[in-house]
Amino acid sequence: MTQVCLFPTTSVHGAAGEFPTCPRRGPLRSVILAETGQDVRLCANCTNCDGLTVPGMDLTLGEIIRAAARNDPQALTCATLSACEDLLLRPIPCTAGLDLTSIIIALQREAELRGPAASSEAVQP
Ligand code: SF4
């Protein structure tokens with residue numbers, strides 16, 4: 001039986017000592033929309049999700065969503081992405097009806113895919 005892999009099986013990072021490369025993948029809002037069907041531009045900046053915190057978070061969930069909406073590299077490089085695993089275990093209420101869990105998981109995958117290049121790849125002209 002032939003298996004089809006939907007995710008890249010090769011690293012986008014260069015070999016040791018090489019400058020990391022990453023194909024441009026478009027604005028973060030487009031990546032998230034394609035992967036989850038969620039439009040981060042709908043975030044109403046209501047701050048209702050800002051109270052959901054765990055140790056190690058440097059941005060609130062709302063700040064990450066809005067950073068992704070404006071294609072800010074912080075959405076991929078913030079410590080919150082790896083610190084908020086416990087928050088993803090239960091539904092996260094959102095005033096705009098966004099599925100925050102799937103958005104955060106999409107950002108985690110994107111950060112892993114882009115690797116060290118994430119901090120410079122997010123913002124495009
Ligand atoms: S609850 Fe939803 S709409 Fe409100 S700030 Fe958080 S992500 Fe944005």
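This section describes the nonpolar core, the ligand shell, one helix and the backbone outliers of a predicted model.

The largest nonpolar core has 24 residues. Within this core, Ile64, Ile65, Ala68, Ala75, Ile103 and Leu107 touch the most other members. Four helices each supply at least two residues of the core: α1 (28–36), α2 (61–69), α3 (74–77) and α5 (100–114). Ile65 illustrates the packing. Its neighbours within four places in sequence set aside, Ile65 is in contact with Val40, Cys43, Leu98 and Ile103. Of these contacts, Ile103 is itself among the core residues that touch the most other members.

Helix α1 was examined for its buried face. Its buried residues are Leu28, Val31 and Ile32. Around the helix axis they span an arc of only 95°, so they sit on the same side of α1. The general geometry of a helix is in keeping with this. An α-helix has 3.6 residues a turn, so residues three or four places apart point the same way. The cover over the buried residues of α1 includes α2, α3 and α5. These three helices, like α1, each supply at least two residues of the core. Just after α1, Gly37 adopts a positive phi of about 80°.

The ligand is surrounded by 15 residues. Cys43, Cys46, Cys49, Gly62 and Cys94 are the closest. Cys43 is also one of the contacts of Ile65. By element, α2 makes the largest contribution to the shell, with 3 residues. By character, the shell holds 10 nonpolar residues and 5 polar ones. No charged residue is part of the shell around the ligand.

Backbone torsions were then considered. Most residues other than glycine have a negative phi. Asn45 and Asn71 depart from this pattern, each with a positive value. For Asn45, phi is near 55°. This residue lies in the loop between α1 and α2. Asn45 counts as exposed because it has 12 C-beta neighbours inside 10 Å, and the limit for that class is 12 or fewer. For Asn71, phi is near 60°. Asn71 belongs to the loop between α2 and α3. With 18 other C-beta atoms within 10 Å, Asn71 is partly exposed, because a buried residue needs 20 or more.

Definitions and conventions
Residues numbered from 1 in each chain as written. Predicted model: local features only at pLDDT ≥ 70, side-chain atom pairs only at ≥ 80, totals over all residues. Core = buried A, V, L, I, M, F, W, Y, C linked by C-beta atoms within 7 Å. Contact = placed C-beta atoms within 7 Å. Near = placed C-beta within 6 Å. Nonpolar A, V, L, I, M, F, W, Y, C, P; charged D, E, K, R; others polar. Arc of directions from axis to C-beta.
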